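Visitor: Could you take me closely through one part of this protein, the sheet and what packs on it, and then place that part in the rest of the model?

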Amino acid sequence: MSHSADGALLELRRLRKHFPIQRGVLRRTVGWIRAVDDIDLEVNTGETVGLVGESGCGKTTALRTIVRAVEPTDGEILFRTNGEMKSITALESDALREVRQQIRVIFQDPQSSLNPRFKIRDIIAEPLKAYGVTASRGELDDIVVDTMERVGLDRAYVNHYPYSLSGGQRQRVGIARALTTRPRLILADEPTSALDASVQAQIINLLLQLQQQMHLSMLFVTHDLSVVRHVSDRIAIMYLGEIVELGDTDEVFQRPRHPYTEALFAAIPKPDPRQPSRRIIVEGDIPDPAHRPSGCPFHPRCRYATDLCSTEKPALENRDGAHPVACHFPLPHGEQPAE
Ligand code: SF4
């Protein structure tokens, strides 16, 4: 992990992705799901930012919007190219392909993200062809073997098919595929959650090692708090499509300011070798995103909520010198309210 003095590599400005809710034969729009709602976030060069929240909070949609797998509804995505921050929000064709070489995704489930009919060499080489990198067959083979070695995969697997590999090996292929274009930013979408607990640590350590070696920046999406604490320099806590707390990982873990963050951390079980994955559990269900609560979106589940919370939405702000939080009554409170 490292903080960088080189400035932002990726910057999201009020990024928004709303999906229409359509009903009836005429598919009339009767409402909107605000999957990503006005997110501001930076990832600095060489930095890992963890994007954390329960499933359905919008973190994967945010990631997909950055690579324009889904188009943003509003807002701006900036990426550093030739030393300058440039908008990539509306790029098309060749310019978009070039950016996609630099921003690569590692997917959650290596089983479904690898084409079962392709040999490992073709899977790993595929992005080079897709993004128009010209190389002879011999050069491609060299890149494939070199990348396999980087991710700890024996070159003997080069002519194998994905089914003959273990889950951990398949995820190494997924990582190798993300690295062949020599990206600068990796978007990792729950890259270990489909793996056995014993393999998760190996993959996390591999990602950390590659980040150092290749000077990569990472946006790491996860609901696993133990993973995020291990890999991230900073974390952003997401709730119902919004970032509600943002700060240095150690600071947020030691001094959570948002009641949602506090509830997430309180749900972390005590260390237990039989339970390596720490899942998020918060009282009550995440509200239907189509029927968003008024005021603070967390108020129906918040033990500190007041009348103000149900009417007025708190902005994500840097209050009293601490890291930014979107709450009218950031923690710690002088006196805890009665249960
Ligand atoms: Fe809870 Fe109110 Fe803060 Fe929202 S604004 S998190 S309801 S105390």
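Guide: In this predicted model, strand β1, residues 8-23, is joined to β2 by 12 bridges, and the two strands run antiparallel. Within that pairing, E11 stands opposite E42 of β2. The two strands belong to an open sheet of 4 strands, whose order is β2-β1-β4-β5 and whose pairing is antiparallel. At its edges lie β2, residues 28-44, and β5, residues 84-87, each of which pairs on one side only. If direction is ignored, neighbouring strands of this sheet are turned against each other by 25° on average. Against the sheet packs helix α1, residues 59-66, which touches β1, β2 and β4 (74-81) and whose direction makes about 115° with that of β1.

Beyond the sheet, a helix pair deserves the same attention. Two packed helices are described by the angle between their axes and the distance between the axes. For helix α4, residues 120-130, and helix α6, residues 167-179, the axes come within 7 Å and cross at roughly 35°, and the crossing is right-handed. On the α4 side the contact is made by I120, I123, I124 and P127, while α6 contributes V173, A176 and R177. Sorted by class, the contact of α4 with α6 has 6 nonpolar residues, no polar ones and 1 charged residue.

Further along the chain there are aromatic pairs to consider, and the count comes to 5. One of them is formed by Y260 and F298, whose ring centres are 5.2 Å apart and whose planes stand at 65°; because planes over 60 degrees apart count as edge-to-face, the pair is given that name. This pair links distant parts of the chain, since Y260 sits in helix α10 (residues 259-266) and F298 in the loop between α10 and α11 (307-311), 38 residues apart.

As for how far to trust such details, the protein chain averages a pLDDT of 87, and 92% of the residues score at least 70. Over residues 276-280, however, pLDDT stays under 50, although the model has 18 contacts beyond four places in sequence for this stretch. Residues 335-339 are also below 50, and that stretch has 4 contacts in the model beyond near neighbours in sequence. Where pLDDT is low, the predicted coordinates should not be read in detail.

Notes:
Residues are numbered from 1 along each chain as its sequence is written. This is a predicted model: local features need pLDDT of at least 70, side-chain atom pairs count only at pLDDT 80 or more; totals for chains, interfaces and linings use all residues. Side-chain values use heavy atoms; hydrogens and water are left out. pLDDT is the predictor's confidence in each residue, from 0 to 100. Contact means heavy atoms within 4.5 Å. Axes are lines fitted to C-alpha atoms, for helices over the stretch in contact, and angles run from 0 to 180 degrees between N-to-C directions. A crossing is left-handed if the near helix is turned anticlockwise from the far one by less than a right angle, and right-handed if clockwise. Ala, Val, Leu, Ile, Met, Phe, Trp, Tyr, Cys and Pro count as nonpolar, Asp, Glu, Lys and Arg as charged, and the others, Gly among them, as polar. Two strands pair if DSSP finds at least two bridges between them. Rings of Phe, Tyr and Trp (its six-membered ring) pair if their centres lie within 6.5 Å; planes under 30 degrees apart count as stacked, over 60 as edge-to-face and the rest as tilted.
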